[in-house]
Amino acid sequence: MDMSSSPLTLAAHTPTAPTTPSTPAPAPTPANACDVTPAGAAWLASAETYPHSVLADWRAHPGTPAVLSCGTVFDVVSVPGVFGRRMVDRLWHEGPGSGPVATYRGRMLLFAAPGTARRLPALLEWEEWGSAVPALLCHGPGDAVTVPPLTASRGTGPGAAPGADDRLGSRWLVAPDTRRPWLPGPDVVLWACVRAARAAAGSAVRISIFPRGDQDAKVYDVSRRR
């Protein structure tokens, strides 16, 4: 299957040995960093019972969101957008990096290792900063999440307006580009939650004289990923 028309990723990850069937035909690395690579698409599709059907649908409709099952290949932790940005910043600037990350309709979706959805809430109950963490939606076995399109909307011509999902901030921030991306476990996600909560508490008494920057424009150095 030629995936060149439906690239998939937001940031390049360190390649690892493939563990799922390869796609019928390789495709060049996408020029847009918000697109998922063919290898990343194969990894996402491997969460479904019929991955080849999913890949065929993506090839036909690369600009539409997709619904993916959780609990076997990955879990997903859904966090309010602002708090999620703080978590991702801590993971990249002070921690080991992150797995794939997307924003969808105002929430941050952090892809995590299977089992994270079950263990994370219990860990937060024991953590003294747990009460400062906003409500998390932990998606594991039996759950499904909607993720942004594999490719960023580019309109139909120069100067075209962004698609509805783009206007709502739905896109990949760290898109999968290998068939076996590194995924944080519940301990790493807990660490990021605590660090983000502390940062939020500190910012409540901090006054900045500088204008707020475009936080959505951050680029993470994925060469640091494990």
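This passage describes the fold, the confidence, the nonpolar cores and selected side-chain contacts of a predicted model.

The secondary structure of the protein comprises six helices and seven strands, and from the N terminus on these elements follow the order α-α-β-β-α-β-β-α-β-β-α-β-α. Of the 226 residues of the protein, 48% count as buried. When contacts between residues at least 6 apart in sequence are considered, 83% of them join residues at least 24 apart.

Confidence varies along the chain. The average pLDDT of the protein is 78, and 68% of the residues score at least 70. Among the elements, strand 5 (residues 137-139) has the highest mean pLDDT, at 98, whereas helix 5 (residues 164-167) has the lowest, at 48. Over residues 1-31 the pLDDT is below 50, although this stretch has 94 contacts in the model beyond near neighbours in sequence. Over residues 204-215 the pLDDT is likewise below 50, and there the model shows two contacts beyond near neighbours in sequence. Where pLDDT is low, the predicted coordinates should not be read in detail.

The largest nonpolar core holds 26 residues, of which Met87 and Leu136 touch the most other members. Two or more residues are given to this core by each of strand 2 (75-80), helix 3 (81-93), strand 4 (107-112), helix 4 (116-126), strand 7 (171-174) and helix 6 (186-203). The contribution of helix 6, eight residues, is the greatest. For leucine 136, once residues up to four places away in sequence are set aside, the residues touched are Val77, Ser78, Val79, Leu120, Leu124 and Cys193. A second core, separate from this one, consists of 25 residues, including Leu44, Val54, Trp58 and Val147.

Two of the residues touched by leucine 136, namely Leu120 and Leu124, recur in the description of helix 4, where Thr116, Ala117, Leu120 and Leu124 are buried. Viewed down the axis of helix 4, the buried residues lie within an arc of 85°, and they therefore line one face of the helix. The face of helix 4 that is turned away from this buried side carries Arg118, Glu125 and Trp126, which are exposed.

Histidine 139 is placed in strand 5, the element with the highest mean pLDDT. With a relative accessibility of 18%, histidine 139 falls under the 20% limit and so counts as buried. Apart from neighbours within four places in sequence, histidine 139 is in contact with Cys70, Asp75, Val76, Ser78, Ala117, Ala144 and Val145. Of these contacts, Ser78 is also touched by leucine 136, and Ala117 is one of the buried residues of helix 4.

The cysteines were examined for covalent pairing. A disulfide is a covalent bond between the sulfur atoms of two cysteines. A search of the whole structure finds zero disulfides. Cysteine 138 is in no disulfide, and the cysteine sulfur nearest to it, that of cysteine 193, is 8.2 Å away; this separation lies beyond the cut-off, a pair of sulfur atoms within 2.5 Å. Cysteine 138 is partly exposed, with a relative accessible area of 22%. Cysteine 193 is likewise in no disulfide, its nearest cysteine sulfur being that of cysteine 138, and at 0% relative accessibility cysteine 193 counts as buried.

Charged side chains were considered next. Side chains of opposite charge can pair when their charged atoms come close. The count of salt bridges comes to two, and glutamate 94 takes part with arginine 90 in one of them, where the closest N and O atoms are 3.7 Å apart. In the other, glutamate 94 pairs with arginine 195, and the closest N and O atoms are 2.5 Å apart. This latter pair links distant parts of the chain, as glutamate 94 belongs to the loop between helix 3 and strand 3 (101-104) and arginine 195 to helix 6, with their positions 101 residues apart in sequence. Glutamate 94 is partly exposed, with a relative accessible area of 44%, and arginine 195 is also partly exposed, with a value of 29%. Arg90, Glu94 and Arg195 are thus joined in a network of salt bridges.

Key:
Residues are numbered from 1 along each chain as its sequence is written. This is a predicted model: local features need pLDDT of at least 70, side-chain atom pairs count only at pLDDT 80 or more; totals for chains, interfaces and linings use all residues. Side-chain values use heavy atoms; hydrogens and water are left out. A nonpolar core is a set of buried Ala, Val, Leu, Ile, Met, Phe, Trp, Tyr and Cys residues joined through side-chain atoms within 4.5 Å. Buried means under 20% relative accessible area, exposed over 50%, partly exposed in between (1.4 Å probe, protein chains only). Helices (H or I, at least four residues) and strands (E, at least two) are DSSP runs, numbered from the N terminus. Contact means heavy atoms within 4.5 Å. A salt bridge is a side-chain nitrogen of Lys or Arg within 4 Å of a carboxyl oxygen of Asp or Glu. The arc is that of the directions from the helix axis to the C-beta atoms. pLDDT is the predictor's confidence in each residue, from 0 to 100.
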